[in-house]
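Me: I am new to this structure and would like to know what stands behind the words used for it. Could you take me through a few of them?

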Amino acid sequence: MTPSLALAERNVPRYTSYPTAPHFSAAVSPERYGEWLAAVPPEARLSLYIHVPFCTELCHYCGCNTRAVRKRAPIDDYAELLIKEIALLANLSGRKLTHLHWGGGTPSILGPEWLETIAASLASRFDLSELKEHAIELDPRQLDKPLVRTLAAIGVNRASLGMQDANPHVQQAIGRVQPFELVERAAGWLREAGIANLNLDLMYGLPEQTTRDAARSAELAVSLKPQRLALFGYAHVPWFKSHQRLIDEASLPGPSERLEQAQAAAETLISFGYQAIGLDHFALPSDELCAATREHRLHRNFQGYTTDDADALIGLGASSIGKLPQGFVQNAPDLGGYSRSVAAGRFPIVKGLILSDDDRLRAAIIERLMCDLAVDLDAFGGTARFAAEIETLEPLAGQGLLQIDGARITMTEQGRPYVRIAAAAFDTYLAASQKKHSVAV
Ligand code: SF4
């Protein structure tokens with residue numbers, strides 16, 4: 001195995017936060033969260049994430065917190081709980097919401113009436129006059145025109161469509177049969193309704209997937225001209241997501257094939273004029289993500305790369321994570337625990353992390369590396385403080401994956417897929433938890 005293949009197989013976090021969620025503990029109680037909310041200044045700009053943990057059926061590869069439901073009752077009950085949870089945020093009344101994101105699961109499973117009711121509840125709690133981005137994750141198989149009209153009516157201006165792979169044999173192997181025409185139709189309906197910003201999600205490393213399949217899927221995706229694309233590597237973690245056992249391990253591509261697939265899909269996207277953003281995103285040059293990248297103001301959050309620079313992130317729904325200046329909080333991931341707390345009028349917080357000064361410093365270094373693919377350690381206390389980390393990075397420099405020039409660390413283009421490994425050098429929590437993460441590429 002070549003050195004870079006060995007690196008590609010290393011288990012490292014995706015660094016959508018630092019410290020990462022496996023290190024959250026019972027250190028943050030619902031009462032403390034209440035105190036943190038009460039301290040949010042009136043002029044603060046907020047970002048809000050709503051998690052809806054339901055889908056009509058489970059895709060074999062899914063790594064999200066969701067469950068398959070066939071009946072309306074659990075969805076209706078959950079929607080009522082979301083409204084109760086919004087009511088618990090009385091301390092934030094009148095605060096400006098600049099970003100709103102519905103994720104899941106399949107958030108549109110709530111249906112037009114609940115989407116409208118929840119949106120109205122948010123509008124009565126927050127000031128939406130400066131809402132820049134109102135985004136939702138959509139399953140193209142679960143969309144119709146009335147639903148699209150509702151999304152437009154509640155102000156959704158960005159939609160992410162899960163595409164993954166366009167080839168029927170791969171779709172069979174991942175338990176998600178979704179002809180490309182469905183994605184095309186969904187994109188058309190959304191644009192017709194005025195939802196102009198489209199993201200498409202692609203994947204590599206899927207069962208039965210070949211390099212040609214990954215490139216063909218990328219070609220079909222760009223034919224729809226989305227402003228943004230994400231290209232994620234499938235994370236096979238059946239010890240953590242038991243339904244992934246439905247995937248035959250023998251049909252999974254090996255590390256060198258994964259690398260080839262990622263490269264072929266990325267090259268296809270770039271050949272059609274998309275710019276690579278960070279580890280796994282692509283955007284048209286006119287998109288704000290490209291400007292944010294040039295100006296070093298790109299951020300990384302639980303949804304990936306973003307221009308969201310809100311002062312605090314509020315999470316609603318089971319398993320959702322919030323971030324306040326003081327630290328992270330996470331809602332109960334199980335529906336039972338979430339429901340009991342909200343029904344009793346308590347914040348459903350079960351875990352969190354109080355940020356230390358060292359956490360903040362390392363979080364900033366890791367975010368710059370993940371977003372800019374470069375970091376200047378002089379801005380973070382200088383090289384003397386990070387001598388051990390620089391030593392850890394030297395083998396990567398030796399393989400041409402990054403350059404160390406005094407205090408400046410810069411990933412090479414060849415090193416872009418390995419940026420998580422460079423970031424991991426600054427992660428003081430990692431050693432104890434390495435097995436829980438997915439492979440680097
Ligand atoms: S639709 Fe998305 S969230 Fe639902 S099971 Fe499939 S991959 Fe998971």
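**Strand β6 and its surroundings**

Reply: Gladly! Leucine 161 of β6 stands opposite leucine 200 in β7. This is a predicted model, where local features need pLDDT of at least 70, side-chain atom pairs count only at pLDDT 80 or more, and totals for chains, interfaces and linings use all residues. Residues are numbered from 1 along each chain as its sequence is written.

Me: What makes β6 and β7 a pair?

Reply: Two strands pair if DSSP finds at least two bridges between them. Six bridges join β6 to β7 (residues 197–204), and the two run parallel, so they count as paired. β5 (residues 133–138) also pairs with β6 in the parallel sense, over four bridges.

Me: Why is β6 called largely enclosed?

Reply: A residue is buried if 20 or more other C-beta atoms, placed from the backbone, lie within 10 Å of its own (exposed: 12 or fewer; partly exposed: in between). Seven of the seven residues of β6 (residues 158–164) are buried, so the rest of the structure largely encloses this strand. Both faces are covered, with Gly162 among the buried residues on one side and Leu161 among those on the other.

Me: How do you know that the chain agrees with a compact globule?

Reply: The rule, 2.2 Å times the number of residues to the power 0.38, goes with a radius of gyration taken over C-alpha atoms. For 441 residues a compact globule would have a radius near 22 Å, and the chain has 21 Å, so the two agree.
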